[in-house]
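I opened this notebook to record what I looked up, residue by residue, in a single model. The entries follow the order in which I checked things.

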Amino acid sequence: MRVEVDVPKCVASGQCVMIAPDVFDQREEDGIVVLLDEKPPAALHADVRESAVVCPAAAIRVVEE
Ligand code: SF4
């Protein structure tokens, strides 16, 4: 799995950080997403997929490799 975030689309809602805090963080100043782990381990894949589904801005893309 490879994770991509479209940073300009992010609306800083924070759902991804709540669901997968080892993969996503938010910038201190404005809450915009920061991708921590572009290739997360298998144990986190379900959480990453859920993050992509619930992201209100559809800013998270999951590429299955
Ligand atoms: S869930 Fe989407 S909109 Fe919310 S912080 Fe994460 S990437 Fe940004």
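The entries below cover the ligand shell, the core, and a few single residues.

**Entry 1, ground rules.** I am working from a predicted model, in which local features need pLDDT of at least 70 and side-chain atom pairs count only at pLDDT 80 or more, while totals for chains, interfaces and linings use all residues. Residues are numbered from 1 along each chain as its sequence is written, and side-chain values use heavy atoms, with hydrogens and water left out.

**Entry 2, the ligand.** I first asked which residues are around the ligand. I found Cys10, Val11, Ala12, Ser13, Gly14, Gln15, Cys16, Val33, Cys55, Pro56 and Ile60, where a residue counts if one of its heavy atoms lies within 4 Å of the molecule. By class, this shell holds eight nonpolar, three polar and no charged residues; Ala, Val, Leu, Ile, Met, Phe, Trp, Tyr, Cys and Pro count as nonpolar, Asp, Glu, Lys and Arg as charged, and the others, Gly among them, as polar. I also noted that the ligand sits in the largest cavity. A cavity is a set of points, on a 1 Å grid over the protein atoms alone, where a 1.4 Å probe fits but cannot get out, and a molecule sits in it if more than half of its atoms lie within 2 Å of its grid points.

**Entry 3, the core.** I then looked up the largest nonpolar core, which has 17 residues, and saw that Val3, Cys16, Val23, Phe24, Val48 and Ile60 touch the most other members. Such a core is a set of buried Ala, Val, Leu, Ile, Met, Phe, Trp, Tyr and Cys residues joined through side-chain atoms within 4.5 Å. Helices α1 (15–19) and α2 each supply at least two residues of this core; helices are DSSP runs of H or I with at least four residues, strands are runs of E with at least two, and both are numbered from the N terminus.

**Entry 4, Ile60, Cys16 and Ser51.** Ile60, found in strand β4 (residues 60–63), is buried because its relative accessible area is 10%, the class limits being under 20% for buried, over 50% for exposed and partly exposed in between (1.4 Å probe, protein chains only). Not counting residues up to four places away in sequence, Ile60 touches Val3, Glu4, Val5, Cys16, Phe24, Ser51, Ala52 and Cys55, with contact meaning heavy atoms within 4.5 Å. With that exclusion, Cys16 touches Pro21, Phe24, Val33, Ser51 and Ile60. I asked whether Ser51, in helix α2 (residues 45–54), is buried or exposed. Ser51 counts as buried because its relative accessibility is 0%, and, leaving aside neighbours within four places in sequence, its contacts are Cys16, Ile19, Ala20, Phe24 and Ile60.

**Entry 5, the loops.** Most residues other than glycine have a negative phi, and I therefore logged the exceptions I met. Ala12, in the loop between β1 (2–5) and α1, has a positive phi near 60° and is partly exposed because its relative accessible area is 25%. Ala58, in the loop between α2 and β4, has a positive phi of about 50° and is partly exposed at 48% relative accessibility. Ser13 lies in the loop between β1 and α1 and is partly exposed, at 43%; beyond its neighbours within four places in sequence, Ser13 is in contact with Gln26 and Pro56. The C-alpha atoms of Ser13 and Gly31 are separated by 7.6 Å, at 18 residues apart along the chain.

**Entry 6, Met18.** Finally I checked Met18 in helix α1, which is exposed because its relative accessible area is 73%.

Notes. On a 1 Å grid over the protein atoms alone, a cavity is a set of points where a 1.4 Å probe fits but cannot get out, and a pocket is an open set with protein on both sides within 12 Å along at least five of seven lines; lining residues have an atom within 4 Å of a point.
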